Each structure stands twice: as C-alpha cells, then as structure tokens.
Amino acid sequence: MKNIMIARLLTSTATMLVLVPATPALAQQQVPGTTSADPTTDTTPPTDGSTDDIIVTGIRQSLSSAQNIKRNSDAIVDALVAEDIGKFPDNNASEAIARITGVQVTRYADEANGVLIRGLPNVQTTVQGREIFTADGRSVAIQDFPAQALSRVDVYKAVTAQNLEGGIAGLIDVGLRRPFDFKGFELAGAARGVYNTESRKLDPIGSLLVSNRWQTGIGEIGALLNASFTQTRYLNSIRYQGFQDNVPTAQQVLPTSVGRNFTFPQDIGLFYQRGNRQRPSINGSLQWQPSDNLMIYADGLYQGYRNKVANDFFGLSIQSSTTGGSPPPIRNAVLTQDETTLDSFDIDLGIVNGPTKQAGRGRTDTLQGALGARWEVSNAVFTTDLAFTKSTVDNTYYEFQTQMMGPLSLAVRLNAERSVDFVPTGADFTNPASFNVRGLYENRSRATGDQWQWQGNMDLDTGSTLLPKFKFGLRYANRNANSTYGDRYAGLAGLRDPISRVPGVSDGKIIEAGFHGDDVQKFRSWFAPDADILNDRINDVRGYVRDALVRASADAGTRGQWAPERPTLNPLNAFSAREQVFSGYAQVDYAFDLGIPIDGVIGTRMVITRNRLDGTNSLPGAGGTTLLVPIASSQQYTDVLPNISAQLHFTDRLKLRLSRTEALTRPGFNQINPTLTVQQGTIGGNISYTGNGGNPDLQPVRSDNYDASLEYYFSRTGSVSVAGFYREIDGFINSLPQIVNVAPFGNILVYRPTNAGFGKIKGIEAAATTFFDFLPGALRGLGAQANFTYIDGEQTLQSAANFVGGRNTLPGVSKYSFNVIGLYELGPTSIRLAYNYRSANVDGFGAPGVFTTVYSDSVGRLDLSASYNISDNLTFTVDATNLLRTPYHSYVKDSRYPRDVRWEASLLSAGVRFRF
C-alpha cells in the first residue's frame, strides 16, 4: 500500500514538473492563506441598462462578492461575505452558513453548533488559511466566531492540493479584516440589545473596529483592532418520555383487561437547560508594505468562551423502583387507539428521586499569533506564514441531587402534543421541607493544546497558454495536546437530611418556569437551590458533604476522595500527545480550447503524520489489587491526496465544473489514547478478562470525492446552479468489541474505537440567486435566494466480536433541506426574510429498550433581518430569529413513540451600526 501511494505521488509530481515551462509572466496578487478568487472582481458581463441606477452596496455587494468567490475558485466552494463592517447575515458563523447549499446544522441552547457539510461532520477549520482548533480537539467551534468580527466565510466542499488537509466533509475558512482592506481611517461598530423569549432576558451584543493606514519614510503601514462581545442568557424547556420498553414481568397493570402486549416509556421528566453564555473576541492586524512588491504582516486573534450553567432536572422512573423493589403498579391504564402503547395512566411511585440542580462553569481561551509576508518577484509570488496557537478549556460541573421526603403519585398522559404531561401529588413542590439530600456529584476537566505551524508557497506564472500557472508549497506543524479529568460522588440518601441542612440551600427559590407558549405541561416548577450556591459557594457544600460522610460511616476510600478541595485527577482519564505533520503540494493550472474553452487544475498533496501519546493502563494485580502502568504509543502514516478538476466554459456565463479529489480526517487524540483498563471477572466459574480504552493503531477516515456543477451567471448578483456529488468513505470510526492480545492476559475482549465502517454519500444541490432589477419603481428592490439539497448516505459496519455488523443510515443527516430567502434593498432600506428547513434524520443508534433507533423530526425556522440607513454613518437594525417557534421533536420508530419536545427561544434584537 505504501509503495502504491509513493508511486502515485512520483507520477503526479513528475508529470507536472515536465509539463511546466519556465517562461516569465506577471504574478497575480494573492495574500497568503486566502483563495485565488478575488471577491471584488466582477467577471459577469454587464447587462445593458438593467442596473444603471442600482448602487451595489449592502446585500447586493455581499451577494456579488460571494458569487465571484464561487465562480473564480479552483475548488468547489460557497461563500458568505459581510454586508458591512459588523454586519453578517446571522448572530454567529455557524448560524450564517446554515444558509449555504449542502450545509446542515444542529441547534441547542438557542444557537447553531454542530455543522455538517454534505452529510458529514468531519470539518477542518482555518482562519485566514491557518489551522485553528480548540484545546485537544481537531477543529474549532465555528459558533465561537461572532458575526461582528467576520469579513467572510468560505465553505469548501471539495478542496485542491493547496488547501489544508484534515476534513473529509470539507473545510471552513474564516476571513477576518486587515487594515489594507480599507482606503484609510475607519471607525465602525455596532450595539444591539437581544431579548430571549424563553429566558425573558435582555442581553448585549457589541463590536468596535478601528483601522488606519499611513505613508511613512519606510513604506505604507496599517493597523487594525477589532473587539466584540456577545452575551446570551438562554433557556431551553424540555419535556420528555424515555425510551420505549415492554411491560416488566414484575409490574402489575390495572385493569387487567388492557393486557400486557404494549410498550411504554421507561421514564418521564422535565429538563430546563439554562445558563449565561459569553463570547469576548479580539483580533488585530499590522501590515507594512516597504515596496510595491513586498508586504509584511502580523495578525493576532483571541477568542473567549464563558458558560455559567444553571440547569434544573426532574426525572421519574416508571418501569423500575428507585429503592430496588418491584416496579410500582400501573393503575387506570388506557391504551392508544391502535393499542400499541399507553395513552394515560396513574401510578404510585413511593419514595423517589427528587429534582436535581445542575451547575458549572466552562471557560475557553484560544490565542493565535502569526507573522508572514508576500513577495512578488518577476513572474513569481512567494508567501510565508508562521503561526503559534494556544488553547485551553477548563470545565467544572456539579449536581445537587435530592430525594422526595414522602411518597409521590402521578397522573400521566403520554403523547400529549408529542410528549409527556404529568401531574405529581403527595408533596408541596414549593416547600424546601419536601426534599431530602440524595447526593452531590462533581467533576472537573482541563484540556490544552498548542501548535507551531509554518507554510511557504510559490505561485509561478509560466507564460504558457497551456499551463499558465504552477504552484508549490510546504507546511510543517508541531502540535501538543493534553487532557485531564477527575470526578467524585457522595451518596447521602441514607441520612435523610433535609436540604435546609446544607449551607446556602435555604437561599434558593421556586425556579423560573419555561415552556412559554406551551400550556400542555401544567406542572413546571419547584423549589431548588440557587446555582450560585454550587458555582460560587461550593466549598460550603463540600464542608457539609465531608461531615455527612462521617455521620454516614462512609468507607475510608469515599472519605479520602472528598478530603482534597477539588476532585483528584484520574490518570486513566488523561493523556498527553504530540503530533508532527509534514506536507507538501504541487499543482498546475491548465487551459486549452476544443471548440469550447477548458481550464482546470491538477495537483497532489503529500502528508506525513507522526504522533506519540502517553497514557496509563489499569491492570488487575494479585489479591484484587489494581496496577497503574504508564503506557506510550507512536505511529506514522503517509497519505497522498491527488486532485484534478476541469471547467468547461460553454459561454462566458455558463460553465460545467468537474472535480475528483481525495481527503482525510485524522482520529481524535482521545480516540488514539493508548490507555487501557482491564477488568477481571468470571464466566462459568473461570477467570476471564475484558478491557476498554483507546486505540493507538487507528487510521484516518479517508474519502474519494467526485463532484459536478453546472453554473449559469446572468448578472452581478444573479446565478443558477445544479450540482451533484458522490463520496466513497473508508474507515468510519466506531467503538466496537475486538479480540486484542494484552500481555500477560492473552487474547481478551476489548471495547475500543476501530476503523470498522465504510460508506457512500450521494446527493444533488440546486441554488438560485437574483435581484429583480427589471421591475418598475420600488419593486426593483426585490430579490430572492433559494437552494435545495438532497442527500442519500449510508454506512456499513463490519462484524466484530459479539457484534453483528450491518448497513445503517448516516446519523444526523437529513435527506432533504432547503432555504428560501426573500430580499429587499433599495435606498436606505434593507430587508432579509429567510426560511430554513431540514427533514427528519436519524439521531443515533443503540438506544435502550425495544426500539433502538432515535430520530429527530423535521423542523423549519423563519428569521428576519432589517436595517434602515438613517444617514451615511448611522444605520438602525432589527433582527428576529426562530419567529415560528416550532419546537424540536424526537421519537423512536415513528411518531407514535415520541421522546423530546424542546422549546427554543426566539431572539428579538434592535440596535445601531455606525461607521466613520
């Protein structure tokens, strides 16, 4: 295999080197780390008389720039470009790219977070062309980029050799501003107030940019500083009924006439996910141009994330007893019309678990600094970029668990507006005396990552009409990643302490109820301690726990866990990694005419990856002891990633784009962690061993990609395109049982990640954009965008020990999705009304109970953005997201068996933008 890859590399590179003549030509302008497309260059021929008096600004300029990026790129790419400084289409980058054809996002906690490109989550992320990541992860959270800081976002669905490898789904490159983007002094900013309809809180969003450039005795110098801040006090209100299961043998069902041939949920409950999320961000840039052919720059970026959690959870088991006895009997059972599940029932639960307060803090700090240059000489352009990135994530989490003081009964309706409605009796939920202390759980984690990366590129204009440009580049990256984790739990239910005995708990209150606009669930609030007791006064609670453990005569091990101020870090949940990546690419542009002009690129990228990881094995020793043994692993693999593309220009407006590429996604550092935990047990009276851990032998997930796109550009802001794509993917990573030889235990069953799956994805995309400039009067300000995506994806898991493989739908992928956007821009008025829809999708496999596959239902969202230019320097803005407030639904098997209903907020905002 290795010889085949090397042969492919040598063949591709030799072919390009032989074909490239050394004839001089003028070099094109290109800043390191950006695409070859110039977003300001309009290559669409003018339409006679159609737009003579239409000023191309705001939305029009944004769409025109994005269209030119797509049209002029060698890769398969879509782009979003800011309408103005501080004005991007949505609140953050991930919200915005959900408008792009082929992109789907998941939403939680009132924002878009997970991003899938053409059905895959394995996305590489860059800033200004440089790799960026969060702590020990492979990529950065795209939602951490506030919209106010962005100038553009490019979404590469298929890359070329000059793009950074690392994402079989594609690459997202975030563009930030530099001082030479402006003609001179710029002072711009924005301030908005955002109202959350679920949490009913008003929060600020603001940004400020200052930039200038000066002619000096040593050349032109520019400086820019941009700062932004966003805050969201969010609330998601969730009522759920658990996974479906058969009636337990020991559970009585009354009346007996309903029989027992049905399923019903294992548990039911309410969950309020609430918190305060903040994102401070600062980026700056210095540029120096000492001569016409040399530009030197220094960039800096800081991204912060703060999340203060204050969740409330109340879950009740209805198929088992929390005290270990027989399940409580079902009374007054009524079946659904098809008699497949319960419609309503009553149940006497007895003493059960009470509500839980969840609290914690999350903090992320990511810094990146870069120094680079661009030098034009004769017929070549040389660029270099050296960057250092450091990222740290610190998390703490607490659960204050309660138990009901007295027995509880429930009246339950299932499938009530797609989930549960229950009414508890037997306790006053507003009275803290109704609850005892059940326990306290806490954990802490810290992950860090840093990286030095350097890249150097050469673009050579050959002067040849057949092979007009040759590109060559080298890159080196040295990455470190570390992760630690520790937790502890104190179970205190046996003491039956009232919660008022815990310091600070009496300062709690009745929690704020959610479900605004949903009147199905009547019971929706209870007394709970304030989250600040755990977030800010946790030492008082820990003092109570230590005293309670003594009173409960807890064993020495448990008391020892709570002796330190914070949980002890567990070496079995830790790793340290170092990874080096050496890569180089060569790529040639070609062009010829066979009756129609044809051009494209042929290239190859070679990547050598070396990594070393250190962890700790846990092995059973003599006499029931456990041995902790340090373990290290190392690995090296080489990948050759060829690409070839062609563009057939039928007219100066109509072209067909064809592309064939290869891509990879490296496994996560946590997945290749060599740590292994071996447990001793018995089977049939004989000693046996099983294990679980990471897999240092994991290979990257690799894909072969085929793309075709027919594109018609009929105006500066008008285009229609239809694209098809096909992906063959090998090496999907899944946690499966494997027989592994572990000394001195021999062959044992180990559960660990493995490259056990392969799959295929195919799909079609269609998109159209235009302004109706031909309409009379005020109607000429109307415009529209629409796109549609069809995706059909599946993965096949190979059989493994104790596991039967098979073919499954790819999780998280909606087969159908579309966007319809109405636009209006004329004079000082700008309006955008956007509807986004995605069909139902598989949420996951392996759920407990009768039905093991979980689905997320289809969902549509309507968002509005409007602005009015009060003057040349001041703009009033209004934005509203999730206007329809359609709740999220999930289910198992089909809609007869619902799970969650999650109510998410509408975000209503108003503010101003200014620019001087």
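Biologist: In which strand is the place of Leu874?

Modeller: This is a predicted model, and its residues can be assigned to helices, strands and loops. The strand made of residues 874–881 supplies 3 residues to a nonpolar patch, the largest share of that patch. Leu874 has its place in strand S41.

Biologist: Is Leu874 buried, partly exposed or exposed?

Modeller: A residue is buried under 20% relative accessible area and exposed over 50%. Leu874 has a relative accessibility of 32%, so it counts as partly exposed.
The answer for Leu874 is therefore partly exposed.

Biologist: What is the accessible area of the nonpolar patch on the surface?

Modeller: The patch is formed by Tyr868, Ile870, Leu874, Phe876, Val878 and Val912. Strand S41 gives the largest share of these, 3 residues. Together the residues of the patch have an accessible area of about 480 Å².

Biologist: How far apart are the end C-alpha atoms of helix H2?

Modeller: Helix H2 covers residues 58–72, which is 15 residues. At 1.5 Å a residue, the helix should therefore span 21 Å. The end C-alpha atoms agree with this expectation, being apart by 21 Å.

Biologist: How many residues of H2 are buried?

Modeller: To count as buried, a residue must have under 20% relative accessible area. H2 is mostly covered. Of its 15 residues, the number buried is 13.

Biologist: Within what arc do the buried residues of H5 fall, seen down the axis?

Modeller: The buried residues of H5 are Ile538, Val541, Arg542, Tyr544, Val545, Ala548 and Leu549. Seen down the axis of H5, they line one face of the helix, because they fall within an arc of 155°.

Biologist: Which helices and strands do the buried residues of H5 pack against?

Modeller: Helix H5 runs over residues 538–551 and reaches 20 Å from its first C-alpha to its last. Its buried residues pack against three strands and two helices, as the following names show. They are strand S18, strand S21, strand S22, helix H4 and helix H6.

Biologist: Which residue with a positive phi follows H5?

Modeller: Most residues other than glycine have a negative phi. After H5 comes a residue whose phi is positive, near 55°. That residue is Ser553.

Biologist: How many residues apart are Arg178 and Asp299?

Modeller: The side chains of Arg178 and Asp299 meet in a salt bridge, with N to O at 2.6 Å. Arg178 lies in the loop between strand S7 and strand S8, whereas Asp299 lies in strand S14, so the pair links distant parts of the chain. Arg178 counts as buried at 6% relative accessibility, and Asp299 counts as buried at 12%. Along the chain, Arg178 and Asp299 are apart by 121 residues.

Biologist: What separates the closest N and O atoms of Asp312 and Arg274?

Modeller: Asp312 and Arg274 form a salt bridge. Both residues are buried. The closest N and O atoms of the pair are apart by 3.3 Å.

Biologist: Which residue is partly exposed, with a relative accessible area of 44%?

Modeller: The side chains of Asp497 and Arg501 meet in a salt bridge, at 3.6 Å from N to O. Asp497 counts as buried, because its relative accessibility is 3%. The partly exposed residue, at 44%, is Arg501.

Biologist: Which residue is joined to Leu254 by a cis peptide bond?

Modeller: Most peptide bonds are trans. The bond at Leu254 is cis, with omega about 0°. Its partner is found in the loop between strand S11 and strand S12. The residue joined to Leu254 is Pro255.

Biologist: What is omega for the peptide bond from Ala743 to Pro744?

Modeller: Pro744 lies in the loop between strand S32 and strand S33. The peptide bond from Ala743 to Pro744 is cis, and its omega is near 5°.

Biologist: What is the phi of Arg118?

Modeller: Arg118 has its place in the loop between strand S3 and strand S4. At 3% relative accessibility, Arg118 counts as buried. Its phi is a positive value in a residue other than glycine, near 50°.

Biologist: Is Lys893 buried, partly exposed or exposed?

Modeller: Lys893 has its place in the loop between strand S42 and strand S43. Its phi is positive, near 65°. With a relative accessible area of 43%, Lys893 is partly exposed.

Note on methods: Residues numbered from 1 in each chain as written. Predicted model: local features only at pLDDT ≥ 70, side-chain atom pairs only at ≥ 80, totals over all residues. Heavy atoms only, no water. Helix = DSSP H or I, 4+ residues; strand = E, 2+ residues; numbered from the N terminus. Expected span 1.5 Å × (residues − 1). Buried < 20%, exposed > 50% of the residue type's maximum accessible area, 1.4 Å probe, protein only. Patch = residues over 30% accessible without salt bridge, like charges linked within 9 Å, V, L, I, M, F, W, Y side chains within 5 Å. Areas by Shrake-Rupley, 256 points an atom, 1.4 Å probe, with all protein chains shown as cover. Salt bridge = Lys/Arg side-chain N within 4 Å of Asp/Glu carboxyl O. Arc of directions from axis to C-beta. Contact = heavy atoms within 4.5 Å.
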